[in-house]
Amino acid sequence: MRRKVVAGNWKMNKGLKDSTALVQEIIQKNNSFNCDVYVAPAFPFLNEVSVVSSSSQIKVLAQNVSSKSNGAFTGEVSVDMLKSINIKSVIIGHSERRMLFGEDDKTLKMKLENCFKNDMEVFFCIGEKLDMREKGMQNDVIENQLENTLFDIDNVNLEKLIIAYEPVWAIGTGVNANSDQVQEIHCHIRKLLNFRYGKESSDLIPIIYGGSLKPDNSRNIFNCSDVDGGLVGGASLNSETFIKIIDSI
Ligand code: PGA
């Protein structure tokens, strides 16, 4: 059976005190989840959040990482730096990184290669923009995003891969994709993974949904047969709503 995963992406929110307080609250309110739970604080607070959550079920996830190993790259954070504070998982290809910071497929492919080479677990985000959804081209977008990056890499550690389907039009907008739309595209992604990696190994890759997940829509979405969890933005900034989403899986 595929593992279930719910991750909270805090983005550029919450300073040191609020970050540690939030993870403490989550642990105090519920310390026995029936899925793998991750939180992704901002870079400067990864270590503190990781220390606070070390004896709990919660794993700590970085929101980004450099494609380079080390050297004169001002403002970048390397895989080794993350590993030195015991961070073993990272989000790659979030649409905000792609759109606001110009990360293209070439860069994302290098980041993926760097992560797999260094045994990092990767949450790889893919998803179409509204205009492509309106033209009915969401499957083509997804296919291209995968072909140009992940599928073009030879040594992918499939056990360290989670795909996050995040339609750009649903991120931070309050408009979530409905469960039929989510199931349809997750099923398509699963077929693409099966075709590329063979059914046996790719069937174990979790495919999670992200985009305006809330306690009142998560159950329906998580009930879809090809949905293995969620990547939660806004609703993960509050312990109560985040726990409700986790519990709905
Ligand atoms: P949202 O963000 O839940 O606020 O829509 C999701 C994400 O960006 O991963």
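In this predicted model, the side chains of R190 and D226 meet in a salt bridge, with 3.7 Å from N to O. The two residues sit in distant parts of the chain, 36 residues apart: R190 belongs to helix α8 (residues 179-197), while D226 lies in the loop between α10 and β8. Both R190 and D226 are buried. Side chains of opposite charge can pair when their charged atoms come close.

This pair does not stand alone. R190 and D226 are linked with R2, K4 and D228 in a network of salt bridges. Within that network, R2 forms a salt bridge with D228, and the closest N and O atoms are 3.0 Å apart. R2 lies in the segment before β1 (5-9) and D228 in the loop between α10 (215-222) and β8 (229-232), so this salt bridge ties together parts that are 226 residues apart in sequence. Are R2 and D228 buried or exposed? R2 has a relative accessible area of 18% and is buried, because buried means under 20%. D228 also counts as buried, at 2% relative accessibility.

A salt bridge can also be found inside one helix. The side chains of E25 and K29 meet in a salt bridge, with 4.0 Å from N to O. Both residues lie in helix α1 (residues 16-29), and because they are 4 residues apart there, about one helical turn separates them. E25 is partly exposed, with a relative accessible area of 35%. K29 is partly exposed as well, and its relative accessible area is 46%. In the structure as a whole, the count comes to 16 salt bridges.

The next stop is a serine. S66 is found in the loop between β3 (59-62) and α3 (79-84). With a relative accessibility of 2%, S66 counts as buried. What does the side chain of S66 reach at 2.9 Å? That partner is the backbone nitrogen of K68. The side chain of S66 also makes a polar contact with the side chain of E76, at 3.1 Å. If its neighbours within four places in sequence are left aside, S66 is in contact with E76, V77, S78, K111 and N114. E76 therefore appears twice in the surroundings of S66, as a residue in contact and as a partner in a polar contact.

The last part of the tour is the ligand. Which residues are around the ligand? They are K11, H94, E166, A170, I171, G172, G211, S212, L231, V232, G233 and G234. Sorted by class, this shell has 4 nonpolar, 6 polar and 2 charged residues.

Some of these residues come within polar reach of ligand oxygen atoms. For K11, an N or O atom in the side chain is 2.6 Å from an oxygen atom of the ligand. For G172, a polar backbone atom is 2.6 Å from an oxygen atom of the ligand. For S212, a polar backbone atom is 2.8 Å from a ligand oxygen. How much of the ligand does the protein bury? Taken alone, the ligand exposes 280 Å², and the protein buries 96% of that.

Note on methods:
Residues numbered from 1 in each chain as written. Predicted model: local features only at pLDDT ≥ 70, side-chain atom pairs only at ≥ 80, totals over all residues. Heavy atoms only, no water. Near = heavy atom within 4 Å. Polar contact = N/O pair within 3.5 Å; in protein donor to acceptor, adjacent residues only side chain to side chain. Areas by Shrake-Rupley, 256 points an atom, 1.4 Å probe, with all protein chains shown as cover. Nonpolar A, V, L, I, M, F, W, Y, C, P; charged D, E, K, R; others polar. Buried < 20%, exposed > 50% of the residue type's maximum accessible area, 1.4 Å probe, protein only. Contact = heavy atoms within 4.5 Å.
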